[in-house]
Structures are given as structure tokens and as C-alpha cells.
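Student: Got a minute to walk me through this one?
Tutor: Sure, let's have a look.

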Amino acid sequence: MLQKIINCIVNWLKELWELLKVIGDIAPEKQTTPALTPVTKTNVRRNALHDWRPSERLPEVIRHRYIEVDGVADNFRIDRLGRYDLLQIERFCENLVYVSPDAINDFIDDTINYQRSIIDGEDVLWVPKGDCIEWAYHQYPALADVL
């Protein structure tokens, strides 16, 4: 009897763990920055050798999203504005179907708010998520459903 209760509790904990993993995948991770505490003393001298201004730019890639379709998986880059790398999505689609070399050039026009940059020596084309979904739908609809 005791063994049956313990097995039931273990099964509940496994289900709870799986549920928390699913919720963790759905909810976006928020990156918190440490809050600056104000200095109350007025006679404190700042060190001239230390730069008090923030010297680092915010990173372009804030998080990654793991996506797997038909046995092909990748971590898609997402920037601080929630935009995806369309060139990375194109490379992912090429593993599944034929993608025309001009597919992105034909898709991008003046109505799409996009930005080009270079990260780790790779060309990156930041495009809003909705436009990435639309492009992926025309190439491989199963990927659009996952995005």
C-alpha cells in the first residue's frame, strides 16, 4: 500500500516537472539587469580610473529558441526586439525542402522593418516574427506552425 502511494506521488511529480518544462518553453525568459543603488553620501569620490558609464552595448542576441521539425533541429536567434534571423530560418528550411536562392530577396520589400548585422562572422537579417512566419509558410508550412 505504501509503495503504491509513493509511486503515485512520483508519477505526479514527473507530470508536474513536464508541465513546468512546457511552461518554461512558452514563457519568454526575462533578463534582469542589476539595479543601481544610489549613493547617499555626498563626500564619496569616484575613482577616476573607473568608467561609471555603461561601456558595453546591449547584446543583439538576447535569447535562443530551440525548434525541431521532421528530425532537424536548431536554436534560432532572437534579438531584444523579438525579431528572428530570417537567414538562419532559410538555412534551416534548406535541410527540409528546396529553397530558391532569391526567395528572401523576393520577399523583402519596403513594408518590412528589417535590419542587417553581422554576428560571429555571419550575416544576420533581423525580421519581425510575423514576417518570418509568413515567409516560412510559403516555403515549408510545418515550420511556420512551429514558429
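Tutor: We'll talk about the core, a surface patch and two loop residues.

Tutor: This is a predicted model: local features need pLDDT of at least 70, side-chain atom pairs count only at pLDDT 80 or more, and totals for chains, interfaces and linings use all residues. Residues are numbered from 1 along each chain as its sequence is written, and side-chain values use heavy atoms, leaving out hydrogens and water.

Student: OK, which residues have the most contacts inside the largest nonpolar core?
Tutor: F76, L86, I89, I108, W135, L143 and L147, out of 26 residues in that core. Core members are buried Ala, Val, Leu, Ile, Met, Phe, Trp, Tyr and Cys joined through side-chain atoms within 4.5 Å, where buried is under 20% relative accessible area, exposed is over 50%, and partly exposed is in between (1.4 Å probe, protein chains only).

Student: And which element gives the most to this core?
Tutor: α2, with 5 residues. Helices are DSSP runs of H or I, at least four residues, and strands are runs of E, at least two, numbered from the N terminus.

Student: What does I89 touch?
Tutor: Leaving aside residues up to four places away in sequence, I89 touches F76, Y84, C132, W135, L143 and L147; contact is heavy atoms within 4.5 Å.

Student: New topic: where is D70?
Tutor: In the loop between β1 (61-69) and β2 (72-79). Its phi is near 50°, a positive value in a residue other than glycine. Most residues other than glycine have a negative phi.

Student: Is D120 buried or exposed?
Tutor: D120 is exposed, because its relative accessible area is 76%. D120 sits in the loop between β4 (115-119) and β5 (122-127), and its phi is near 55°.
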